[in-house]
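Q: Please take a close look at one part of this structure, and then set it in its surroundings. A connected account would suit a reader who has not met the structure before.

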Amino acid sequence: MGRESWARPAVLLNPLEGDPTDADSHIGGPMLWPIDSEWPSCDSHGEPFVGAVQLYQRDFPELPFPDGTDVLQVFLCTLWHDVTNAYGPDVRLVWRDSTTVFELIEEEPEPSEQEERYVPTVNVLEPIRYTEYPHAYERPEELRDLPPTSGGTKIGGWTCWGDGGPLTFDCPECGAVQRQVLSLGTHEPSGDHVEWNFGEYGNLNIFACPQDVRHPIRLWID
Ligand SMILES: [Zn+2]
Ligand SMILES: [Zn+2]
């Protein structure tokens, strides 16, 4: 196989401390959440989730938005959960049509307790687009000279595996091989870290079904 067959488009979100609004793509800022919609909460803890990442289609057309949606909202329960292979936050993805949101929630509910290590700082995004190749653990010999797979917060690309990988995951609903849709990173290439902290190697990887991103997701912390 040629190099091209291993190439995947990737986008580093490249967070920078800032003051985003609900109309912006961001990490840790206010969510575009309608007043008549129930705020997501954790089944295990009965606590509200925390708005962690918001990505608009106009800024990130690379994301697999289902028809009729144009914003991805990522929520975390910032407490401990038994997540596939480690302990970490729980994640909820909401794919929303921003054009149907008129009246916003007045105040986002806040959990009564949070693990400090999972709480993001507030950031705007200055995305960096590039081509990414498989991680060293699954990289064929002829690609050895190419730059390593990034462990920064990104969409698309390849998984930055730790000792647990490489693995593939099947969609529990339809059996399709899941694809990493978003990775939250502890260590940003820019050095401007979000100050959340995931696992030994630092990534919370979110896998979704290529047939339908609303099928159940898989989390892998490495
Ligand atoms: Zn929870
Ligand atoms: Zn599926």
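A: Leaving aside its neighbours within four places in sequence, Glu108 is in contact (heavy atoms within 4.5 Å) with Gly29, Pro30, Met31 and Trp39. The model is predicted, so local features need pLDDT of at least 70 and side-chain atom pairs pLDDT 80 or more, while totals for chains, interfaces and linings use all residues. Residues are numbered from 1 along each chain, chains are lettered from A and ligands numbered from 1 in the order written, and side-chain values use heavy atoms, without hydrogens and water.

Glu108 belongs to the loop between β6 and β7 (123–125); strands here are DSSP runs of E with at least two residues, numbered from the N terminus. With 27% relative accessibility, Glu108 is partly exposed, a class that lies between buried (under 20% relative accessible area) and exposed (over 50%), for a 1.4 Å probe and protein chains only. One of its contact partners, Met31, places its backbone nitrogen 2.7 Å from a polar atom of the Glu108 side chain. The C-alpha atoms of Glu108 and Tyr87 are separated by 26 Å, with their positions 21 residues apart along the chain.

Trp39, which Glu108 touches, leads to the nonpolar cores, sets of buried Ala, Val, Leu, Ile, Met, Phe, Trp, Tyr and Cys residues joined through side-chain atoms within 4.5 Å. The largest core has 31 residues, and Leu13, Val53, Leu55 and Trp196 touch the most other members. Two or more of its residues come from each of β4, β5, β6 (86–96), β10, β11 and β12. Strand β5 gives the largest share, four residues. Apart from this core lies another one, of nine residues, and Trp39 is among them, together with Trp33, Phe49 and Cys77.

Cys77 also serves the zinc ion (ligand 1), whose donors are Cys42 (SG), His45 (ND1), Cys77 (SG) and His81 (NE2), at 2.0 to 2.3 Å. Donors are N, O and S atoms within 2.8 Å of the metal, or 3.2 Å for Na, K and Ca. The four donor atoms subtend angles of 103 to 115 degrees, which makes the arrangement tetrahedral, a label given to four donors if all angles lie between 85 and 135 degrees. Along the chain, the donor residues of this ion follow the spacing C-x2-H-x31-C-x3-H. His45 sits in the loop between β3 (26–27) and β4 (50–56) and His81 in strand β5 (residues 71–83), so this pair ties together parts that are 36 residues apart in sequence. Of these two, His45 is partly exposed at 34% relative accessibility, whereas His81 is buried at 9%.

The zinc ion (ligand 2) has Cys171 (SG), Cys174 (SG), Cys209 (SG) and His215 (ND1) as its protein donors, at 2.1 to 2.3 Å. Its four donor atoms subtend angles of 100 to 118 degrees, which makes this arrangement tetrahedral. Cys171 lies in the loop between β9 (154–156) and β10 (179–185), and Cys209 in the loop between β11 (203–208) and β12 (218–221), so the pair ties together parts 38 residues apart in sequence. Cys171 is buried, with a relative accessible area of 4%, and Cys209 is buried as well, at 1%.

The loop between β6 and β7, which holds Glu108, also takes part in an aromatic pair. Rings of Phe, Tyr and Trp (its six-membered ring) pair if their centres lie within 6.5 Å, and planes under 30 degrees apart count as stacked, over 60 as edge-to-face and the rest as tilted. The structure holds 13 such pairs. Tyr118 and Phe198 are stacked, 6.0 Å centre to centre and with 10 degrees between the planes. Tyr118 is in the loop between β6 and β7 and Phe198 in the loop between β10 and β11, so the pair ties together parts that are 80 residues apart in sequence. Both Tyr118 and Phe198 are buried. Ring pairs link Trp80, Tyr87, Tyr118, Trp196 and Phe198 into a cluster.

Terms used
Tetrahedral: all angles 85-135°; square planar, octahedral: opposite > 155°, others 65-115°. Polar contact = N/O pair within 3.5 Å; in protein donor to acceptor, adjacent residues only side chain to side chain.
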